[in-house]
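Biologist: Please take a close look at one loop residue with an unusual backbone angle, and then set it against the packing, the charged pairs and the aromatic rings elsewhere in the model.

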Amino acid sequence: MPKIIVAIDGYSSCGKSTTAKLVAKQLNYPYIDTGAMYRAVTLYFIQNHISLTNPKEVESALSKVQITFRRHPELGRNDTYLNGSNVEDEIRKMYVSESVSEVSAIAEVRHALVAQQQRMGKTKGIVMDGRDIGTVVFPQAELKIFMNADPLIRAQRRQLELMEKGDIVDLGDILENLRTRDHIDTHRAESPLRQAEDAIYIDNSFMTLDEQVEVVVRLADEQIGLSLRRRAANKA
């Protein structure tokens, strides 16, 4: 069976990561959370007081950053490890969210992580979500999805996610954080967030999670079938 790359891009807290994880599970593909990679770098920069305006300091810090993903046997999730330490919960906190878009806009950071991501997808058969997967990381991906939702709904989803982890954050603060991140993500010079020309747009404001997964899996199955037919035609 031919393997494809499923690239899912979209705005912060639009639910793309949750959808991507379940799509990957149904397709039996590895899931790569690129947002977690940028959050891990951000955490490292914060902890080590890295100056974001000093390219040499940034490059030196990046050479000391190793990001890996490991399956959590009890929770059934992929946890993010930074230099051998599990940082999955820490990177989701608001203080990291407040800085991640600024760190992600740094060219050296993007170049380093894009190279890692491209190596991960070299043999295809993956689901990857982020901001520039379909436009920069895998412009040749067989299936590209661009997800979005109403900003207030995104803020409410983010607030619920934080509450489940014991963090109580005002909805207005979350909404303002999302607006700031949206502006940085869409206006940065390096790999800005935008919809690829051949990406399929999904507004999931009023869709259930099951509905989102069903749509993406169906589209993936169609692309796998198309790849299979092309392979058969080439052999004929």
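Modeller: Asn83 sits in the loop that joins strand E4 (77-82) to strand E5 (85-86); helices (H or I, at least four residues) and strands (E, at least two) are DSSP runs, numbered from the N terminus. The model is a predicted one, in which local features need pLDDT of at least 70 and side-chain atom pairs count only at pLDDT 80 or more, while totals for chains, interfaces and linings use all residues. Residues are numbered from 1 along each chain as its sequence is written, and side-chain values use heavy atoms, with hydrogens and water left out.

Asn83 has a phi near 50°, which is a positive value in a residue other than glycine. With a relative accessible area of 36%, Asn83 is partly exposed (buried means under 20%, exposed over 50%, partly exposed in between, with a 1.4 Å probe and protein chains only). A positive phi is also found at Ser191, again near 50° and again in a residue other than glycine. Ser191 is placed in the loop between H8 and E8, and its relative accessibility of 11% makes it buried. The two residues thus fall into separate accessibility classes, Asn83 being partly exposed and Ser191 buried.

The charged pairs come next. Twelve salt bridges are present in the structure, a salt bridge being a side-chain nitrogen of Lys or Arg within 4 Å of a carboxyl oxygen of Asp or Glu. In one of them, Glu90 is joined to Lys93, with 3.2 Å between the closest N and O atoms. Both partners are partly exposed: Glu90 has a relative accessible area of 27%, and Lys93 has a relative accessibility of 30%. Arg154 and Asp182 form another salt bridge, whose closest N and O atoms are 2.8 Å apart. Since Arg154 belongs to helix H7 (residues 151-164) and Asp182 to helix H8 (residues 171-187), this pair ties together parts that are 28 residues apart in sequence. Here both side chains are buried, Arg154 at 2% relative accessibility and Asp182 at 13%. Elsewhere, Asp33, Glu88 and Arg92 are joined into one network by salt bridges that share partners. Within that network, Arg92 and Glu88 meet through their side chains at 2.9 Å, N to O, and both of these residues are buried.

Arg154 also serves as a reference point for Ala233, which is found in helix H9 (residues 209-235). The C-alpha atoms of the two residues are 44 Å apart in space, with their positions 79 residues apart in sequence. Ala233 counts as exposed, at 52% relative accessibility, whereas Arg154 is buried.

The aromatic rings follow. A search of the whole structure gives two aromatic pairs; rings of Phe, Tyr and Trp (its six-membered ring) pair if their centres lie within 6.5 Å, and planes under 30 degrees apart count as stacked, over 60 as edge-to-face and the rest as tilted. Tyr11 and Phe146 have ring centres 6.0 Å apart and planes at 85°, so this pair is edge-to-face. Because Tyr11 lies in the loop between strand E1 (5-10) and helix H1 (16-27), and Phe146 in strand E7 (residues 143-148), the pair ties together parts that are 135 residues apart in sequence. Phe146 is buried, its relative accessible area being 5%. Phe146 also pairs with Tyr201, this time stacked, at 6.2 Å centre to centre and with 15° between the planes. As Phe146 is in strand E7 and Tyr201 in strand E8 (residues 200-203), parts that are 55 residues apart in sequence are tied together. Tyr201 is partly exposed, at 42% relative accessibility. Tyr11, Phe146 and Tyr201 together form one aromatic cluster.

Last comes helix packing. Helix H2 (residues 34-47) and helix H4 (residues 94-104) pack at an angle of about 105°, their axes being 9 Å apart. Axes are lines fitted to C-alpha atoms, for helices over the stretch in contact, and angles run from 0 to 180 degrees between N-to-C directions. H2 and H4 are therefore roughly perpendicular (65 to 115 degrees; under 35 is roughly parallel, over 145 roughly antiparallel and the rest oblique). Among the H2 residues that meet H4 are Tyr38, Leu43 and Phe45, and the H4 side includes Tyr95, Val100 and Val103, contact meaning heavy atoms within 4.5 Å. The residues of this contact comprise nine nonpolar, four polar and one charged (Ala, Val, Leu, Ile, Met, Phe, Trp, Tyr, Cys and Pro count as nonpolar, Asp, Glu, Lys and Arg as charged, and the others, Gly among them, as polar).
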